Amino acid sequence: GTLVGQFTIGGMTCAACVNSVEGILIKLSGVKRASVSLPTSLGEVEYDPLIISKEEIVTAIEDAGFDASFVQ
Ligand code: 9UX
């Protein structure tokens, strides 16, 4: 089954940042769904924990130049 993780993303300042982060997330193996909000700096990712960990998702966001941490 899949889990839904919520995380904070720092460093997003325009709508293109949101598209960029969502694009990064949805391309990750094991991620089924991703939505990111610019006004709240929150993201939600549905993922398969057998394929990818929340730490790996955070690392992928940080590799793209943003700050990220899971809240749940
Ligand atoms: Mo907007 Mo974000 O011009 O990395 S794309 S600030």
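Ser 41 is partly exposed, with a relative accessible area of 26%. The model described here is predicted. Ser 41 sits in the loop that links E2 and E3. Its phi is positive, near 60 degrees, in a residue other than glycine. The two strands flanking this turn form a hairpin, with four residues between them.

Strand E2 covers residues 31-37, and its pairing with E3 is antiparallel, over six bridges. Within this pair, Arg 33 has Glu 46 of E3 as its bridge partner. E3 also pairs with strand E1. E1 spans residues 3-10 and E3 spans residues 42-47; they run in the antiparallel sense and share six bridges. Here the bridge partner of Gln 6 is Glu 44 in E3.

Ser 37 belongs to strand E2. Is this residue buried, partly exposed or exposed? Ser 37 counts as partly exposed because its relative accessibility is 23%, and the buried class requires a value under 20%. The side chain of Ser 37 makes a polar contact of 3.0 Å with the side chain of Thr 40. Beyond its neighbours within four places in sequence, Ser 37 is in contact with Met 12 and Leu 42. Glu 22 lies 15 residues away from Ser 37 along the chain, and the C-alpha atoms of the two are separated by 9.7 Å.

The strands assemble into an open sheet. It has four strands in the order E2-E3-E1-E4, and the pairing is antiparallel. E2 and strand E4 (67-70) are the edge strands, each pairing on one side only. On average, neighbouring strands of the sheet are turned by 25 degrees against each other, direction ignored. E1 and E4 are joined in the antiparallel sense by four bridges. In this pair, Thr 8 stands opposite Ser 69 of E4.

Two helices pack on the sheet. Helix H1, residues 15-27, packs there and touches E1, E2 and E3. The direction of H1 makes about 165 degrees with that of E2. Helix H2, residues 54-63, also packs on the sheet, touching E1, E2, E3 and E4. The direction of H2 makes about 165 degrees with that of E4.

The model also contains a ligand. Which residues surround the ligand? They are Thr 13, Cys 14, Ala 16, Cys 17 and Phe 66. By class, four residues of this shell are nonpolar and one is polar. No charged residue takes part in the shell.

Definitions and conventions. Residues are numbered from 1 along each chain as its sequence is written. This is a predicted model: local features need pLDDT of at least 70, side-chain atom pairs count only at pLDDT 80 or more; totals for chains, interfaces and linings use all residues. Side-chain values use heavy atoms; hydrogens and water are left out. Two strands pair if DSSP finds at least two bridges between them. A residue is near a molecule or strand if one of its heavy atoms lies within 4 Å of it. Ala, Val, Leu, Ile, Met, Phe, Trp, Tyr, Cys and Pro count as nonpolar, Asp, Glu, Lys and Arg as charged, and the others, Gly among them, as polar. Buried means under 20% relative accessible area, exposed over 50%, partly exposed in between (1.4 Å probe, protein chains only). Contact means heavy atoms within 4.5 Å. A polar contact is a pair of N or O atoms within 3.5 Å; within protein, one must be able to donate a hydrogen and the other to accept it, and residues adjacent in sequence count only if both atoms are side-chain atoms. Axes are lines fitted to C-alpha atoms, for helices over the stretch in contact, and angles run from 0 to 180 degrees between N-to-C directions.
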